[in-house]
Amino acid sequence: MGSMEDWKRKAAEYYRDGLSFTDIEALLEVSRKSISSYIKSLPEYDQIRAARKRASAEKRRDYKTKKQRQYRQRQQGIPMAITGETLKREHELAVLELSRERYH
């Protein structure tokens, strides 16, 4: 890559944009351990981490609410329609699950 300050600046930007340490590692070709220790040393790390955690919890809560509604409809005899949106969501969930597994 470039200089040490260059990758550190880019790593901080990528983390602020929501990328994971693993994604940043792939983009910058710097070890995950180096990226992790640098980003954790940033003064705003705790704030960024807390914001990401809140966003994730909100997204999860919305998803669970939507799923509970679907389950209730199914119990009441209202069939759940298979639409492009439901297929896309199923695909996204499968991709998320598979992308967590790393094959090396």
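Biologist: What makes Arg89 and Glu92 a salt bridge?

Modeller: Their closest N and O atoms are 3.5 Å apart. A salt bridge needs a side-chain nitrogen of Lys or Arg within 4 Å of a carboxyl oxygen of Asp or Glu, so the pair qualifies. This is a predicted model: local features need pLDDT of at least 70, side-chain atom pairs count only at pLDDT 80 or more, and totals for chains, interfaces and linings use all residues. Residues are numbered from 1 along each chain as its sequence is written, and side-chain values use heavy atoms, leaving out hydrogens and water.

Biologist: Where do Arg89 and Glu92 lie?

Modeller: Both are in helix α5, three residues apart, about one turn of the helix. A helix here is a DSSP run of H or I with at least four residues, numbered from the N terminus.

Biologist: Are Arg89 and Glu92 buried or exposed?

Modeller: Neither label fits. Buried means under 20% relative accessible area, exposed over 50%, and partly exposed in between (1.4 Å probe, protein chains only). Arg89 has 24%, so it is partly exposed. Glu92, with 32%, is partly exposed too.

Biologist: Which residues are joined into one network by salt bridges that share partners?

Modeller: Asp6, Arg9 and Glu13. The structure holds five salt bridges.

Biologist: How do you know that Arg9 and Asp6 meet?

Modeller: N to O is 2.8 Å, and the pair is a salt bridge. Arg9 and Asp6 are three residues apart in helix α1 (residues 4–16), so about one helical turn separates them. Arg9 has 43% relative accessibility, so it counts as partly exposed. Asp6 has 19%, so it counts as buried.

Biologist: What does the salt bridge of Lys66 with Glu85 tie together?

Modeller: The closest N and O atoms of Lys66 and Glu85 are 3.2 Å apart. Lys66 lies in helix α4 (residues 45–75) and Glu85 in helix α5 (residues 84–100), so the pair ties together parts 19 residues apart in sequence. Lys66, at 38%, counts as partly exposed. Glu85, at 55%, counts as exposed.

Biologist: Why is α2 called oblique to α3?

Modeller: Helix α2 (residues 21–28) and helix α3 (residues 32–40) pack at about 120°, with axes 9 Å apart. That makes α2 oblique to α3, because angles under 35 degrees count as roughly parallel, over 145 as roughly antiparallel, 65 to 115 as roughly perpendicular and the rest as oblique.

Biologist: Which residues of α2 meet α3?

Modeller: Phe21, Thr22, Ile24 and Glu25 in α2 meet Arg32, Ile35, Ser36, Ile39 and Lys40 in α3. Contact means heavy atoms within 4.5 Å.

Definitions and conventions. Axes are lines fitted to C-alpha atoms, for helices over the stretch in contact, and angles run from 0 to 180 degrees between N-to-C directions. Helices (H or I, at least four residues) and strands (E, at least two) are DSSP runs, numbered from the N terminus.
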